[in-house]
Amino acid sequence: MKIVWTSALLLGCLMGFSIGVDMVQGFSFSMALQNAYSPFRVMEFAELFVLFVLFVLFYFCSVL
């Protein structure tokens with residue numbers, strides 16, 4: 001049960017930090033909250049490409 005509460009606390013702190021940084025950059029609270037809940041919408045092409053490559057490597061390493 002400690003692991004669940006620790007994970008929830010870390011998630012809350014990191015999302016709060018993410019929302020705070022977005023608000024400092026000039027986003028409204030609702031837009032900052034939207035960015036925190038859907039990170040794939042704000043990723044650039046290079047980040048999505050790296051994510052795809054990591055998923056492909058993970059798949060091939062797990063199959064072997």
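Colleague: Which element of the protein chain has the lowest mean pLDDT, and which the highest?
Modeller: This is a predicted model, and among its elements α2 has the lowest mean pLDDT, at 90, while α1 has the highest, at 95. For the protein chain the mean is 91, with 100% of residues reaching 70 or more.

Colleague: OK, on to the helix pair. Why is α1 called oblique to α2?
Modeller: Look at the axes of α1 (residues 2–24) and α2 (residues 29–37): they cross at roughly 135° and come within 9 Å. Angles over 145 count as roughly antiparallel and 65 to 115 as roughly perpendicular, so α1 is oblique to α2. The crossing is right-handed.

Colleague: What makes the contact between them?
Modeller: From α1 it's Met 15, Ser 18, Ile 19, Asp 22 and Met 23; from α2 it's Phe 29, Ala 32, Leu 33, Asn 35, Ala 36 and Tyr 37. Sorted by class, that gives eight nonpolar residues, two polar and one charged.

Colleague: And where does UniProt list a "transmembrane region"?
Modeller: The unreviewed UniProt entry puts that label on residues 42–61.

Colleague: How much of the span 42–61 is helix, and how much strand?
Modeller: In the model, residues 42–61 are 85% helix and 0% strand, and the C-alpha atoms at the ends of the span are 29 Å apart.

Methods. Residues are numbered from 1 along each chain as its sequence is written. This is a predicted model: local features need pLDDT of at least 70, side-chain atom pairs count only at pLDDT 80 or more; totals for chains, interfaces and linings use all residues. Side-chain values use heavy atoms; hydrogens and water are left out. Axes are lines fitted to C-alpha atoms, for helices over the stretch in contact, and angles run from 0 to 180 degrees between N-to-C directions. Helices (H or I, at least four residues) and strands (E, at least two) are DSSP runs, numbered from the N terminus. Angles under 35 degrees count as roughly parallel, over 145 as roughly antiparallel, 65 to 115 as roughly perpendicular and the rest as oblique. A crossing is left-handed if the near helix is turned anticlockwise from the far one by less than a right angle, and right-handed if clockwise. Contact means heavy atoms within 4.5 Å. Ala, Val, Leu, Ile, Met, Phe, Trp, Tyr, Cys and Pro count as nonpolar, Asp, Glu, Lys and Arg as charged, and the others, Gly among them, as polar. pLDDT is the predictor's confidence in each residue, from 0 to 100. UniProt positions are given in the numbering used here, feature names are shortened, and annotations may be inferred rather than shown by experiment.
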